[in-house]
Amino acid sequence: MCKRIPHWILLTVFQLICCVIPVNAQDMRTPVRLRVDLREATKHIFHAKLAFPVTAGPLTLVYPKWIPGEHSPVGPIANLTGLIFRAGGKEIEWQRDDVDMFAFQCQVPAGTSELEVSLDYVSPAGSSAGRENPSATAQLAILNWYTVLLYPQGTKSDDLTYVASLQAPRGWKYGTALPVATETGGVIEFQPASLTTLVDSPVLTSAHMRVIDLSPGQQPEHHIHIAAESQAGLEITPETLQEWRQLVAETGALFGARHYRHYDFLLTESDNVETDGVEHHESSDNRVPGRTFQDPNISDAMTDLLPHEFTHSWNGKYRRPAGLATPNYQEPMKGGLLWVYEGMTQYYGTMLSARIGSWTPGRLRENLAWVAAYLDQRKGRAWRDLEDTAIAAQLLYGSPEEYRTWRRDTDYYDEGTLIWLEADTIIRQQTKGKKSLDDFCRKFEGGENTGPKIVPYTFDDVVAAIQEITPYDWRGFFMQRVKTHGPGAPLGGLANSGWKLVYSETPNESRAASEAALHMTDVQFSLGFVVRDSGGENGDEVVDVISGSPAAQAGIAPGMKLIAVNRRRWNSDDLHAAIRQAKSGHEPIELLIENEDFFRTYVVDYHDGERYPHLERITGKPDLLGEIVRMKAPPVASTTN
């Protein structure tokens, strides 16, 4: 006998259904048409028109808020402008929700089957605005589709189909993973795609572009599309090309399967867009400074960008933490497992840089030494565990540099490298070299070749999968490293691999390249601060000061400006010379500092000389690190392009 359901429960269920199922939801089988005009991209204006199949009644359209790969609600709503709704050729009123700034409500008139929406996106010019960086210059543009579209509130991105077209400035070329249907009269018509696929497939277009096949004669195909401000920026060395082709081979050996129809690296070389990298399933949006392939310091600093973003196709896009596998772009993301999503990707981005030959084993060790050293002195771990940095990722991206060591940054990237290195060495030790973390990757993120799809996972899934590779207390291992406060960084992986962290007066090769590329002077392991070299006459900003360091004890703080060293206008060489001279004498180092228009000389009583981190072999232990970075795929045959 059926139990009668009280009226109030029926009413509540009805209300919940109404909240979940959008009023005036489109027929999911009927596509939305989206036309984007980039002919004014050089003026930082993107034009878009959308056509939605509708029926009469209330309708709410939303602008994407939570952006995949950004792990934050950074949809650039402030840059949306010129919004107009039309039905039957007549403009109709719309109203922004007074709580949800990303939602726009309207009343569709009777007899209307299609709602037309026109809008403009104004790309920031010059300096970045929040997390949204400039995406257009006089010579190129990067189109992220989420910047120029709306979709019905409450719908799943997988259930919506969009037919998109794009018109670029005359003569510009383009690159994208989105399949093309036709190209006529300068208009590119793309094949119908789910909203998920559309948002996951940015377009790079430029007056200067070069396309290179990275896997000639192989399936699936891999291409790199290089855009620059001039033809000179498109030149790369044969060695770099060979490394990129080896990257394709190494990921095949690592994962054993591919989960894309084809893969397109989109690479922008320009000083007029922010350096960045964003992962996508079948492509990646990689942005590097101008002269990256001509300046060895910049090139070295950017080496692991492509390996990192490419690894994300498996770790992050195909396999994704359940908290990040949201049904649409309004649902909040939960980043507690970013130490897997980003941390393991950072680990393999680092190791693949060595496996493909971009970094020598020695250069890789210098990178690991610097990472281990700066994390080891993170004072913020006294109050904040690593998991909290992942949960609070949306607050940390774009957070101020000042007091970063006390606040903690997005440490799950680099600290994830140390954690996964330790896991890798444990597997190798427990199995006497028969298995490694690579086996976990092939099991957890490889499997069979498939097209793009998302397979969510939980912490328990990670533990179960790695347990099958090597029995061990993996739950306790991970819990101890991501949920405790320290002290000190997890350096067990270095010791297991046969290396230990030491300091000497010899500059760290990895940090030296980064300092030159980023115009920074880093004396954090001696005096205890980092300063940005802006070249100005009014001093240079002290970016961060290590808590408890000689500089901090002297009273120096982030945000101050360094004017002079030992009564002479400062430069990097003189600062380093002062540190060396103080080691052999008794006089302190005098730093003239400006603090908000007030000047003072700070006396730093430091005499231990310059200190830079390095790795040193542990006598009697095998070099597992050398085995980890060994090339795993056969060398790719040299070709010209």
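R258 is located in the loop that runs between helix α3 (238–255) and strand β19 (263–269). The structure shown here is a predicted model. In this model R258 is buried but takes part in no salt bridge. The nearest side chain of opposite charge belongs to E250, and it is 9.7 Å away. A salt bridge would need a side-chain nitrogen of the arginine within 4 Å of a carboxyl oxygen, so E250 does not provide one. What R258 does have is a polar contact, at 3.2 Å, between its side chain and the side chain of T251.

Leaving out residues up to four places away in sequence, R258 touches P220, H222, V248, T251, G252, F310, W314, N449 and T450. One of these, P220, can be followed further. P220 is found in the loop between β17 (209–213) and β18 (222–228). The peptide bond that leads from Q219 into P220 is cis, and its omega is near -5°.

Two other residues have an unusual entry in their backbone angles to look at. R408 is not a glycine, yet it has a positive phi of about 70°. This arginine is placed in the loop between α11 (404–407) and α12 (414–430). R408 counts as buried because its relative accessibility is 1%, and the limit for buried is under 20%. N566 likewise has a positive phi, of about 50°, and is not a glycine. N566 belongs to the loop between β28 (561–565) and β29 (568–569). With a relative accessible area of 28%, N566 is partly exposed.

Next come the aromatic rings. A pair of such rings is described by how far apart the centres are and by the angle between the planes. The structure holds 30 aromatic pairs. In one of them, Y263 and F265 meet edge-to-face, with 4.8 Å from centre to centre and 65° between the planes. Both Y263 and F265 are buried. Y472 and W474 form another aromatic pair, which is tilted: the centres are 4.9 Å apart and the planes make an angle of 55°. Y472 is partly exposed because its relative accessibility is 33%, whereas W474, at 0%, counts as buried. Y472 and W474 also belong to one aromatic cluster, whose other members are W339, W420, F440, F444, Y457, F459, F477 and F478.

Rings can also have a charged group over them. R611 lies over the face of Y503, 4.1 Å from the centre of the ring. The charged end of R617 sits over the ring of W499, at 5.4 Å from its centre.

Where is P289 placed? It is in the loop between β21 (283–288) and α4 (296–301). P289 counts as buried because its relative accessibility is 17%. Apart from residues up to four places away in sequence, P289 touches E269, S270, D271, T275, I298 and M302. From P289 to E309 there are 20 residues in sequence and 17 Å in space, taken from C-alpha to C-alpha.

The last residue to visit is H308, which lies in helix α5 (residues 305–311). Is H308 buried or exposed? Its relative accessibility is 7%, so H308 counts as buried. The contacts of H308, again without residues up to four places away in sequence, are E342, T345, Q346, G349 and Y413.

Terms used: Residues numbered from 1 in each chain as written. Predicted model: local features only at pLDDT ≥ 70, side-chain atom pairs only at ≥ 80, totals over all residues. Heavy atoms only, no water. Phe/Tyr/Trp six-rings, centres within 6.5 Å; stacked < 30°, edge-to-face > 60°. Buried < 20%, exposed > 50% of the residue type's maximum accessible area, 1.4 Å probe, protein only. Lys NZ or Arg CZ within 6 Å of the ring centre and 35° of its normal. Helix = DSSP H or I, 4+ residues; strand = E, 2+ residues; numbered from the N terminus. Contact = heavy atoms within 4.5 Å. Lys, Arg positive; Asp, Glu negative; His and termini not counted. Polar contact = N/O pair within 3.5 Å; in protein donor to acceptor, adjacent residues only side chain to side chain.
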